[in-house]
Every structure is written in structure tokens, then in C-alpha cells.
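The exercises below ask for a careful reading of charged pairs and of open space in a protein model. Please work through each task with the structure in view before turning to its solution.

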Amino acid sequence: MSTTSTPADERIAELRGEIDACDAELIRLVQRRLAVSQEIGELRRTSGGTRLSLSREQQVIARFQDALGADGATLGMMLLRQGRGRL
């Protein structure tokens, strides 16, 4: 039994490759963001500042929500939690 791919199958495979590349870039960017966030937290702690800035967190959440809607706010909160841990 031979398998023949259709133009749609080939395009789907191509698009899935693009999704995989986007996912890899997103993972790399999230890892970079987490490292930067953790460095900020450490600098704040060692300089006697508070662990987090609620006004800054609200700005981040608003930016994600404005760009992506309600799910964007959830994504922004997840990124914040990853960078600073749960409150």
C-alpha cells in the first residue's frame, strides 16, 4: 500500500513546520524573559527594594490584554508568575 500525499497534505506539513519554528522561538524568548525578570528581582532584593512592583505588573498584563484579549491577560500573568514565582 503506497501513500501519496496531496498538495493539502504537503502544505499542512509545511505550515506545521512553521508552527514548530514559532514555538521554538517563543520558548527561547520566554526563557530570555524569565532570566531578565529574575535578574531584576535579584537586583530589587539586594538593593532593599520590594520583591515586585504591582504597577509594573498591571502594565504588563494590560499590554498583553490589549494585544491579545482576555487570553492575553492570562498569558501575561503566566509570564509574570514564571519570572517571580507565585505570590
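**Exercise 1: a pair within one helix**

The side chains of Arg11 and Glu14 form a salt bridge, with 2.3 Å from N to O; determine how the two residues are placed along helix α1 and whether Arg11 is buried or exposed or in between.

*Solution.* Before starting, note that this is a predicted model, in which local features need pLDDT of at least 70 and side-chain atom pairs count only at pLDDT 80 or more, while totals for chains, interfaces and linings use all residues. Residues are numbered from 1 along each chain as its sequence is written, and side-chain values use heavy atoms, with hydrogens and water left out.

Step 1. The criterion for a salt bridge is a side-chain nitrogen of Lys or Arg within 4 Å of a carboxyl oxygen of Asp or Glu, and Arg11 and Glu14 are joined in this way at 2.3 Å.

Step 2. Because Arg11 and Glu14 are three residues apart in helix α1, about one helical turn separates them; helices here are DSSP runs (H or I, at least four residues), numbered from the N terminus.

Step 3. Arg11 has a relative accessible area of 40% and is therefore partly exposed, and Glu14, at 46%, is partly exposed as well, given that buried means under 20% relative accessible area, exposed over 50%, and partly exposed in between (1.4 Å probe, protein chains only).

**Exercise 2: the other salt bridges**

How many salt bridges does the structure hold, and which parts does the pair Glu57 and Arg84 tie together?

*Solution.* Step 1. The structure holds three salt bridges. One of them joins Arg45 to Glu42, whose closest N and O atoms are 3.2 Å apart.

Step 2. Arg45 and Glu42 are three residues apart in helix α1, so about one helical turn lies between them; Arg45 is partly exposed with a relative accessible area of 45%, and Glu42 is partly exposed with 40%.

Step 3. Glu57 and Arg84 also meet through their side chains in a salt bridge, at 2.6 Å from N to O. Since Glu57 lies in helix α2 and Arg84 in helix α3, this pair ties together parts that are 27 residues apart in sequence.

Step 4. Both Glu57 and Arg84 are buried, the relative accessible area of Arg84 being 17%. Apart from its neighbours within four places in sequence, Arg84 is in contact (heavy atoms within 4.5 Å) with Ser37, Arg51, Leu52, Glu57 and Met77.

**Exercise 3: the largest pocket**

Describe the largest pocket by its volume, and state which helix gives the most to its lining.

*Solution.* Step 1. On a 1 Å grid over the protein atoms alone, a pocket is an open set of points where a 1.4 Å probe fits, with protein on both sides within 12 Å along at least five of seven lines, and lining residues have an atom within 4 Å of a point. The volume, which is the space filled by probe spheres set on the points, is about 460 Å³ for the largest pocket.

Step 2. The lining consists of 18 residues, of which Ser37, Ile40, Gly41, Arg56 and Leu80 lie nearest the centre of the pocket.

Step 3. Helices α1 (7–46), α2 (54–68) and α3 (70–84) each supply at least two residues of this lining, and α1 gives the most, with eight residues.

Step 4. By residue class, the lining divides into five nonpolar, five polar and eight charged residues; Asp, Glu, Lys and Arg count as charged, Ala, Val, Leu, Ile, Met, Phe, Trp, Tyr, Cys and Pro as nonpolar, and the others, Gly among them, as polar.
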